[in-house]
Amino acid sequence: MSEYQIETKCVQSGWQPKKGEPRVLPIYQSTTFKYETSDQMGRLFDLEDSGYFYTRLQNPTNDAVAQKICELEGGVAAMLTSSGQAANYYAVFNICEAGDHMICSSAVYGGTFNLFSATVKKQGITCTFVDPDASAEEIAAAFRPNTKVLFAETVANPALVVLDIEKFAKVAHEHGVPLIVDNTFPTPINCRPFEWGADIVTHSTTKYMDGHATCVGGCIVDSGNFDWEKYADKYPGLTQPDPTYHGIVYTQKFGKGAYITKATAQIMRDLGSIQSPQNAFLLNVGLETLHLRVARHCENAAKVAEFLNSHEKVAWVNYAGLKENKYHALAEKYMPNGTCGVISFGLKGGREVSVGFMDKLKMIAIVTHVADARTCVLHPASHTHRQMTDEQLMEAGVAPDLIRLSVGIENAEDIIADLAQALDTI
Ligand SMILES: *Cc1c(COP(=O)(O)O)cnc(C)c1O
């Protein structure tokens, strides 16, 4: 499928039926798979043969959808997880263990911030947060001998910071570590981070990929480009024998597939955050129209951003599509077709006025979600980020009055009319 354009991959990649098989990806609603001899099954457990045996590890529906996302990103291997949180956790935990250190952009999703600042710390992995706008030298200063990963979001949720992917990739590679980027907001339709040096991409497929707010899910894609063996002493989990698989060495046995094979065969086996095949099926339906929806989200968001920007009651608008935006140049470079459909803004009068305005919206709903077909709003300081101190909020690029507006794929005039009537009431 790699010779096709991305729109064709959205529709055609993944499930490739053979003679007489269902044209549409079937839901393999089975926990288990049948074999004819005990030896056949034994070889699967030794990773000597590939094949399905238990859905916690792998399922054909999930694999077909992972393959589609893999091709959209231009990677070599991918896996689905039950959520974006699980994807980010597995992506890091696959190559970090107690005693290791990681570096993360401070402008990340609130759940990711909690995961890396608090939860992985309890497992002995420490994290230093760096400003995504920091110079290469400043980011380099955060590295320690035990640093194993640099992590960032291509377009940060909700700060909408556009990552200088090449800058981050260069610093990571100079220190012999991979760059993992969460590409949830732009999706591979607008940005393919591997083309700019990122090594591993993660997704919350819950957002634009599913696109209809029906299923929580995640995905990890490996570019296959990071040379684990070159830094063999740093990544023993990939380059040393795994006693839980009779001493196989992932890099030797699976080459470019080493990272995803380990994440599946070991981390998924032991932690079990598999995506249900039913959800993977729905995700695949969403992916078939991803290219159409993302373009419309961006088109509508550009119109809404212009409207808000010229409204007298609006204090500020953050959308990289606006020419005066701090990240406009980076967005033009990495995402020339648009960043995403999410806009943030604040109203004159601050926090209370912003909250009051949201209560006056009619069509646009207040929900803890972004990036689905329906336009919605959220006030991060009162909702997703409410556990953060004001100082942490500012570091994450979340102003206390920030309203996050996820522009849907309705008619832009109706979205603007709802915003306008709510603005009239304040
Ligand atoms: C939503 C989100 C996550 C978490 O994903 P879930 O599917 O909700 O677990 C991670 N990263 C980003 C950028 C997100 O927007």
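A polar contact, as I shall use the term, is a pair of N or O atoms within 3.5 Å. With that in mind, I turn to the ligand site of this structure, which is a predicted model.

Three side chains deserve attention. A polar side-chain atom of Ser204 is placed 2.8 Å from a ligand oxygen atom. For Thr206, the distance from a polar side-chain atom to an oxygen atom of the ligand is 2.6 Å. Lys207 likewise has a side-chain N or O atom 2.6 Å from an oxygen atom of the ligand. How much of the ligand does the protein bury? On its own the ligand exposes 380 Å², and 93% of that area is buried by the protein.

Let me now describe the surroundings as a whole. The ligand is surrounded by 15 residues, and the closest of them are Asn157, Asp182, Ser204, Thr206 and Lys207. Sorted by class, this shell comprises nine polar, three charged and three nonpolar residues. Which element supplies the largest share of the shell? That element is helix α4, residues 84-93, which contributes three residues.

I close with a separate position, Gly42. This glycine belongs to helix α2, which covers residues 38-45. Is Gly42 buried, exposed or partly exposed? Its relative accessible area is 30%, and because buried requires under 20% and exposed requires over 50%, Gly42 is classed as partly exposed. Finally, Gly42 and Arg56 stand 14 residues apart along the chain, and their C-alpha atoms are separated by 17 Å.

How values were computed
Residues numbered from 1 in each chain as written. Predicted model: local features only at pLDDT ≥ 70, side-chain atom pairs only at ≥ 80, totals over all residues. Heavy atoms only, no water. Near = heavy atom within 4 Å. Polar contact = N/O pair within 3.5 Å; in protein donor to acceptor, adjacent residues only side chain to side chain. Areas by Shrake-Rupley, 256 points an atom, 1.4 Å probe, with all protein chains shown as cover. Helix = DSSP H or I, 4+ residues; strand = E, 2+ residues; numbered from the N terminus. Nonpolar A, V, L, I, M, F, W, Y, C, P; charged D, E, K, R; others polar. Buried < 20%, exposed > 50% of the residue type's maximum accessible area, 1.4 Å probe, protein only.
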